[in-house]
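This report covers aromatic contacts and salt bridges. Please view the structure alongside the text.

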Amino acid sequence: MKTQKAMWILGMTVIVATGFVLMVGTLRSQAADPGDKPPDAIEVKIDNFSFGTMTLKVAPGTTVTWTNNDDVPHTVVSEDKTTFRSKALDTGEKFSYTFTKPGTYPYFCSVHPKMTAEVVVQ
Ligand SMILES: [Cu+2]
């Protein structure tokens, strides 16, 4: 019975192909899904004379990028004025700092010292 054999081969091919597609799909979704791992780059927007996130919690190794969306200059300066200190950021300008050590990092805008926020690295 040639037809039966052909059907059997076709059937096996479909099963093997389906298995392969499922396997590739699983690998793909694993690669695309970061799980519980936090992203290693985070943005904070400066709007309306305030920092977008008052208390930002990040994992060690995270790079935080501040973007000034106001039409007046702002700065991003750590409370101790040495850990990080941006120049005056004009509209649309960015400043980045990578937090490597766990701790609490309060910061402010040196142009408007009432603008404060903090980054908690843990
Ligand atoms: Cu400011």
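## A buried aromatic residue

Phenylalanine 51 is buried, because its relative accessibility is 3% and the cut-off for burial is under 20%. The model behind this value is predicted.

## Aromatic pairs

The whole structure holds 11 aromatic pairs. One of them joins phenylalanine 51 and tyrosine 107: the ring centres lie 4.7 Å apart and the planes meet at 75°, so the pair is edge-to-face. Edge-to-face requires an angle over 60 degrees. Phenylalanine 51 belongs to strand β2 (residues 50-51), and tyrosine 107 to strand β7 (residues 103-108). The pair therefore ties together parts that are 56 residues apart in sequence. Tyrosine 107 is buried too, with a relative accessibility of 1%.

Tyrosine 97 and phenylalanine 99 make another pair. Their ring centres are 4.8 Å apart and their planes stand at 80°, so this pair is also edge-to-face. Are the two partners buried or exposed? Phenylalanine 99 is buried, at 0% relative accessibility. Tyrosine 97 is partly exposed, with a relative accessible area of 22%. Burial ends at 20%, so tyrosine 97 falls in the partly exposed class.

## The aromatic cluster

Which residues form one aromatic cluster? The members are Phe51, Trp66, Phe84, Phe95, Tyr97, Phe99, Tyr105 and Tyr107. Both pairs described above sit in this cluster: Phe51 with Tyr107, and Tyr97 with Phe99.

## Salt bridges

How many salt bridges does a search of the whole structure find? The search finds two. In one, the side chains of lysine 94 and glutamate 43 meet at 3.7 Å, N to O. This pair links distant parts of the chain, 51 residues apart. Lysine 94 lies in strand β6 (residues 94-99). Glutamate 43 lies in strand β1 (residues 41-47). Lysine 94 has 51% relative accessibility, so it counts as exposed. Glutamate 43 is partly exposed, with a relative accessible area of 47%.

The other salt bridge joins the side chains of glutamate 93 and lysine 87, at 3.2 Å, N to O. Glutamate 93 is partly exposed, with a relative accessible area of 28%. Lysine 87 has a relative accessible area of 53%, so it is exposed. The exposed class starts over 50%, which means that lysine 94 at 51% and lysine 87 at 53% both belong to it.

Notes. Residues are numbered from 1 along each chain as its sequence is written. This is a predicted model: local features need pLDDT of at least 70, side-chain atom pairs count only at pLDDT 80 or more; totals for chains, interfaces and linings use all residues. Side-chain values use heavy atoms; hydrogens and water are left out. Rings of Phe, Tyr and Trp (its six-membered ring) pair if their centres lie within 6.5 Å; planes under 30 degrees apart count as stacked, over 60 as edge-to-face and the rest as tilted. Helices (H or I, at least four residues) and strands (E, at least two) are DSSP runs, numbered from the N terminus. Buried means under 20% relative accessible area, exposed over 50%, partly exposed in between (1.4 Å probe, protein chains only). A salt bridge is a side-chain nitrogen of Lys or Arg within 4 Å of a carboxyl oxygen of Asp or Glu.
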